Amino acid sequence: MNRCPHTCFSTQFHTGKGLLRARLRALLAGPKRRGTAPLALALVLTLTAGSLAACVPASQPPELDLEAHLIRYPGEEDWTELPPLLPAPSAWAEQDLAGRDELDHLTGDLLGADPGLQAGFVDAENGWLTFSSTASLGPISDTCVYRTHDGGRTWEETACLTGGSDALPSLWFSVRCAAFLDNDRAVLCTGLFLDAPVFYTTDGGYTWQTAQLPDPDLAAETLSVEGDRLVMTARRCGDGGGSTLTLVSEDGGAVWTKDSPSHQKEA
């Protein structure tokens, strides 16, 4: 009769359930006496440390080098070219102008040919980018708006601001300065020519409206966020002789007023 080899783990099942239960309890309890708790604690600490290390890069937004058209993601040493990540504006598919209709993404020459490139991240995942492009001879430019929601790895066009409509007067010059407030709100200011419109959005860049300025003959020079308000330095043209003044907006860029002396003293 063949017999199985007898070891210290062998259990005589035919002797009764009580002995079986005792043997099983001994087997299960044994490892605990031999250091299961420290091993489990070490495993938890290792997994926690790994999770924290993985979360650190994701909590930081990418770096942008707009002059070189580069982006560097958190935790990476190498920079990535930005133009290939930006699809060509959808409107260009119908424009037979210098080969626009043949492009599937932007190039460094397109981004570098115009000073209207503006970009920024409002958190680790959500960012904005705008660039202006001359559509024809003269200073008339269109401005395209792109968004990313995965830390700058992919971008999509949300809008293209073009002139010729009642809602959006002509963008005579490129975007000169911009402010990206959060994932929904942003402000774009064009350069000096005629009434130099200021645009704002409250829906993530899909639709844009023109802001109310105290003087139509103003063009933005700088734009910054100071607490709960936006502060713009603007240049006056026409009879003003090129003088500058400070404007403020407390509603995300929709309405602008001349800065009061009290605000200027506080600043």
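**Salt bridges in a predicted model**

Tutor: Welcome! In this predicted model, a network of salt bridges links Arg176, Glu221 and Arg235.

Student: How many salt bridges does the rule give here?

Tutor: The count comes to eight salt bridges.

Student: Why is the contact of Glu63 with Arg72 called a salt bridge?

Tutor: Look at the distance: the closest N and O atoms of Glu63 and Arg72 are 3.1 Å apart. The cut-off is within 4 Å, so this pair is a salt bridge.

Student: And what makes Glu63 and Arg72 partly exposed?

Tutor: Glu63 has a relative accessible area of 40%, and Arg72 has one of 22%. Buried would need under 20% and exposed over 50%, so partly exposed is the right term.

Student: How do you know that Arg153 and Glu76 form a salt bridge?

Tutor: Their side chains meet at 3.3 Å, N to O, and the definition asks for within 4 Å, so the pair qualifies.

Student: Which parts does this pair tie together?

Tutor: Arg153 lies in the loop between β6 (141-148) and β7 (156-161), and Glu76 in the loop between β2 (70-72) and β3 (80-81). The pair therefore ties together parts that are 77 residues apart in sequence.

Student: Are Arg185 and Asp182 buried, exposed or partly exposed?

Tutor: Arg185 has 33% relative accessibility and Asp182 has 23%. Both values fall between the cut-offs of 20% and 50%, so Arg185 and Asp182 are partly exposed. Their side chains meet in a salt bridge too, at 2.9 Å from N to O.

How values were computed:
Residues are numbered from 1 along each chain as its sequence is written. This is a predicted model: local features need pLDDT of at least 70, side-chain atom pairs count only at pLDDT 80 or more; totals for chains, interfaces and linings use all residues. Side-chain values use heavy atoms; hydrogens and water are left out. Buried means under 20% relative accessible area, exposed over 50%, partly exposed in between (1.4 Å probe, protein chains only). Helices (H or I, at least four residues) and strands (E, at least two) are DSSP runs, numbered from the N terminus.
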